[in-house]
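Me: I am new to this structure and would like a close look at one part of it, the largest nonpolar core. Please describe what the core is built from, and then place it in the rest of the model.

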Amino acid sequence: MAAAAAKLFSISSLLSPRFRAFAAPRAAAAVCGVATTSAAERKRKKKATVVKEKRRTRSDREFELDEVQRFGDNTAGHIPVMLGEVVDVFDYASKTASLRSFVDCTVGAAGHSSAIIQAHPELKYYIGMDVDPLALEKARARIDSLVCSDSCSPTDLKTYSVLRNFRHIKSVLNEVDENLLDSGVDGMLMDLGMSSMQVDNPERGFSILHNGPLDMRMDPQASLKAVDILNTWPDAEVGKILRDYGQESNWYSLQNKIVKARSRGGLHYTKELVDLIRNSTSWSRGGRQGWIKTATRVFQALRIAVNDELKTLEDSLHACFDCLAPGGRLAVISFHSLEDRMVKQAFLHIIGGSDGDADTESEATYTKDPKKIRTDIAQKEAWIKQMIHGCKGTILTKRPITPSEEEEKLNCRSRSAKLRVIQKH
Ligand SMILES: C[S@@+](CC[C@H](N)C(=O)[O-])C[C@H]1O[C@@H](n2cnc3c(N)ncnc32)[C@H](O)[C@@H]1O
C-alpha cells in the first residue's frame, strides 16, 4: 500500500503559474458553473469562460450523425468522440503516401478503429490495445466481422488485439512484428478515459448514478481499487487526490469525512461515497447541481489515481512518438484539463520546442525547410489551423480541437474532449 501511495503522481510541478491561477479552487468552481452569489464571482466566471473559449479551436467540420451511428456501438451505448475529426487526421495519408500501419492504443468499442480501417484499404497492419478484456473481446469481434464482411475493408490486413496497457507500446510492437518497431507505424490514436460500457456497468464502480462496489479499475487484473485508497491510504494522500486530480475546492472537508468513515467500517459501495458527498455539500455550493459536480470530480480523481492515469500518459506519449514512422501521426483525445496540459507540454518537448505557452510561443528551431513542411501540410488539409514546427516533428494543433456545437449537443460526454495531433519528421 505504501508503495502504491508513493506512486501517486505529483501534478503540482505540471502547472504553470497561469494555469495554477486558472485552476485555483474558486475559479475552478466558477468555470464548472457551480452556483455563485456575488457579482464579482459572476464577472470572474464570465472572464474564465472567455479565456477558455480562446484557448481552443472548435471543430467546424460538419457533424455526420449517420457515420457516428454506423461506427458507434448501439449495444454498449458508446459513441465515438470527434469521429470525423479523427478520420480527417489520418486521411492525409491517402493523399500523400499511405496508412500502412495503425495502432489504436485505447480500442474500447472499436468505433474509431472501425472507421479508420474502412477508410484505408491500403492498411496492412492494425493493432488494437486495451487493458479491459471485456472491451477488447467486443472490439475484436467487431473488427473481425468488419474485415470479413465488408468488401471495402483491406483484404491482406493483419489485425492484432492486444490486452496490454499502452505504456508497453514498444514491447507490444516488438512482439507483433519486430520490423514494425524498426520501420515505425504510420498512425496512432489515444482516446483517453473510460468508455460508456465501463461507466454504465455498476459492477465497475465508475458511476455516481448506479450503486456498485468501489472498484474503478480499468484493468481487472490490477491490484489497486478505489476502496483501498478510501479505506487505507494516509489521510494526506486521500486529500491530495481530491485536490490535485479532482481540483475539488471542498477537498479537506471531504478528506476528513472519508477518513472518519473508517471508524464505522469504511466505504465499500459507490452509494456510500455518493451519500457522504451529498451530505457534505451545502446548498450554498449549488444544491443538487453542486453535489453532482462534486461527486463527478471525486469519482474522476479516484479513477485517475486507481489507474495511475497521468503517470502512464506521461510515460507513453514519448514512447508512442518514438514508435512513429517518419511522417507518422499521433492523435490524442483527452477529457481532463490535466491530461490536456500534459499532452500539450509533452508535444512541445518532443518536437524540440521550449516548454512555454503554445498560444504565445515562438516557433522552435528547424532542421528541415519549415516553409515546405508548412505548405505541404496546410495545402492538403483544411482542418489544420495553426501549427508549431520543431526539429523532430510538427504539432498540427497549436490549440486543441474541441467538438462541434452539434456534437456537444448530441453527446454530452464529448463536451470536455480535446484533440491534439503531432506529426513526426
Ligand atoms: C474512451 S474509451 C475508447 C473508445 C474508442 N475510441 C471507441 O471509439 O470505441 C477508452 C478505452 O481505453 C482503455 N484504456 C484506458 N487506459 C488505458 C491504457 N493505459 N492502456 C490501454 N487501454 C487503456 C479503457 O479501458 C477504454 O476501453
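Reply: Some background on the whole chain comes first. This is a predicted model, and of the 425 residues of the protein, 44% count as buried. The secondary structure consists of 20 helices and 10 strands. If one takes the contacts between residues at least 6 apart in sequence, 69% of them join residues at least 24 apart.

Now the core itself. The largest nonpolar core has 102 residues, and the members that touch the most other members are Cys105, Ile229, Leu302 and Ile422. Helix H16, residues 287-306, supplies the largest share of this core, with 9 residues. Two domains contribute to the core: domain 1 (65-197 + 310-424) and domain 2 (223-306) both give residues to it, so the core lies between them. As a general point, nonpolar side chains in soluble globular proteins tend to be buried together.

Leu302 can serve as an example of a core member. Apart from its neighbours within four places in sequence, Leu302 is in contact with Met216, Ala226, Ile229 and Ile241. One of these partners, Ile229, is itself listed with Leu302 among the members that touch the most others.

Next, the ligand. A shell of 22 residues surrounds the ligand, and the closest are Pro80, Thr106, Gly108, Ala109 and Gly111. Two elements give two or more residues to this shell, namely helix H7 (111-119) and strand E3 (125-130). Sorted by class, the shell contains 10 nonpolar, 9 polar and 3 charged residues.

For a position that is not buried, take Glu381. This residue sits in the loop between helix H19 (370-380) and strand E7 (388-389). Glu381 has 14 other C-beta atoms within 10 Å, and it is partly exposed because that count falls between the limits of 12 or fewer for exposed and 20 or more for buried. Asp88 is 293 residues away from Glu381 along the chain, yet the C-alpha atoms of the two are separated by 8.2 Å.

Last comes the confidence of the prediction. The mean pLDDT of the protein is 84, and 76% of the residues reach 70 or more. Over residues 1-37, pLDDT stays under 50, and the model has 58 contacts beyond four places in sequence for this stretch. Residues 354-367 also have pLDDT under 50 throughout, with 28 contacts beyond four places in sequence. Where pLDDT is low, the predicted coordinates should not be read in detail.

Conventions. Residues are numbered from 1 along each chain as its sequence is written. This is a predicted model: local features need pLDDT of at least 70, side-chain atom pairs count only at pLDDT 80 or more; totals for chains, interfaces and linings use all residues. Helices (H or I, at least four residues) and strands (E, at least two) are DSSP runs, numbered from the N terminus. Two residues are in contact if their C-beta atoms, placed from the backbone, lie within 7 Å. A residue is near a molecule or strand if its C-beta atom, placed from the backbone, lies within 6 Å of it. Ala, Val, Leu, Ile, Met, Phe, Trp, Tyr, Cys and Pro count as nonpolar, Asp, Glu, Lys and Arg as charged, and the others, Gly among them, as polar. A nonpolar core is a set of buried Ala, Val, Leu, Ile, Met, Phe, Trp, Tyr and Cys residues joined through C-beta atoms within 7 Å. Domain bounds come from an automatic or database domain assignment. pLDDT is the predictor's confidence in each residue, from 0 to 100.
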